[in-house]
Amino acid sequence: MFQFLVNAEGGLTTAGYVLCVVAGILLFVAALIFAGRISEKKKMGTRQLVFCAMAMALAFITSYLKLFNMPWGGSVTLCSMLFIVLIANWYGPKTGILVGLAYGILQFIQEPYVLSLFQVCCDYILAFAALGVAGFFAKSKHGLLKGYIAAVTARGAFHALGGYLYWMDYMPDNFPKALTSVYPIVYNYSYLVAEGIITVIIISIPAVSKALNRVKQTALQ
């Protein structure tokens, strides 16, 4: 069914790229529009649209700044997940989930790999949309920190699910046999936790924390 979209190596054909770019643009616009309509407080204004778009752009740019690449997908980036988490923290989980969903489409366009439709959903759509769960912790003490940790955990859960269903054949031969059953968890959380630790350290710096609070105040005006 999808043969004209996917080549033999699991990447996208020209038709696949065109379709994904069009779908990504449409979902990006739809996410921003509908996020405002279902926002917890009021409809999305120009300021909120701008901040959501800026966050997606910054997340996309920093996703190219990779500190380490994993052999079968995944990488440690320069705090790329943080920008989607910030949107969820500022505007609530619904907005965060929808913006994360649109960002997942951009990630798929950036580095697509297709084994099945459900694998694409796990590794791209659901995994990045899950970053929006950070919004559930926005009103609690240290809400950004708690939300970020929850978001990273949720994203890893979907990657691990895809790993169990589609990636077990790629497990290295020297991986400890006693840990075979947790290979997808170990693989996916290894790079997510590494990036998470770096990001938590950065946002815990007093100067950075104050700067983020000032930006939040501007975003919510």
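pLDDT is the predictor's confidence in each residue, from 0 to 100. The model described here is predicted. The mean pLDDT of the protein chain is 84, and 80% of its residues reach 70 or more. Among the elements of the chain, helix α1 (residues 14–37) has the lowest mean pLDDT, at 57. Helix α3 has the highest, at 96. Where pLDDT is low, the predicted coordinates should not be read in detail.

Strands β1 and β2 were examined next. Strand β1 covers residues 66–69 and strand β2 residues 75–77. The two pair in the antiparallel sense, over three bridges. Lys66 has Thr77 of β2 as its bridge partner. Together β1 and β2 form a hairpin, with five residues between them. Within the turn, Gly73 has a positive phi of about 100°.

Helix α7 spans residues 183–203, a run of 21 residues. At 1.5 Å a residue, this helix should span 30 Å. Its end C-alpha atoms are 30 Å apart, so expectation and model agree. The helix nevertheless carries a kink of about 30°, centred on Tyr189. An α-helix has 3.6 residues a turn, so residues three or four places apart point the same way. The buried residues of α7 include Tyr183, Tyr187, Tyr191, Glu195 and Thr199. Pro184, Asn188, Leu192, Gly196 and Ile203 are also among the buried residues of this helix. The buried residues of α7 pack against strand β2 and against three helices: α3 (80–91), α6 (143–167) and α8 (206–219).

One residue of α6 illustrates the contact with α7. His159 lies in helix α6. Its relative accessibility is 6%, under the 20% cut-off, so His159 counts as buried. Neighbours within four places in sequence aside, His159 is in contact with Asn188, Tyr191 and Leu192. Asn188, Tyr191 and Leu192 are among the buried residues of α7. The other contacts of His159 are Cys122, Asp123 and Ala127.

The cysteines were then considered. A disulfide is a covalent bond between the sulfur atoms of two cysteines. With a cut-off of 2.5 Å between cysteine sulfur atoms, the count comes to zero disulfides. Cys121 is in no disulfide. The nearest cysteine sulfur, that of Cys122, is 7.0 Å away from that of Cys121. Cys121 has a relative accessibility of 25% and therefore counts as partly exposed. Cys52, by contrast, is buried, because its relative accessible area is 0%.

Key. Residues are numbered from 1 along each chain as its sequence is written. This is a predicted model: local features need pLDDT of at least 70, side-chain atom pairs count only at pLDDT 80 or more; totals for chains, interfaces and linings use all residues. Side-chain values use heavy atoms; hydrogens and water are left out. Two strands pair if DSSP finds at least two bridges between them. Helices (H or I, at least four residues) and strands (E, at least two) are DSSP runs, numbered from the N terminus. The expected span of a helix is 1.5 Å times one less than its number of residues. The bend at a residue is the angle between axes fitted to the seven residues ending there and the seven starting there. Buried means under 20% relative accessible area, exposed over 50%, partly exposed in between (1.4 Å probe, protein chains only). Contact means heavy atoms within 4.5 Å.
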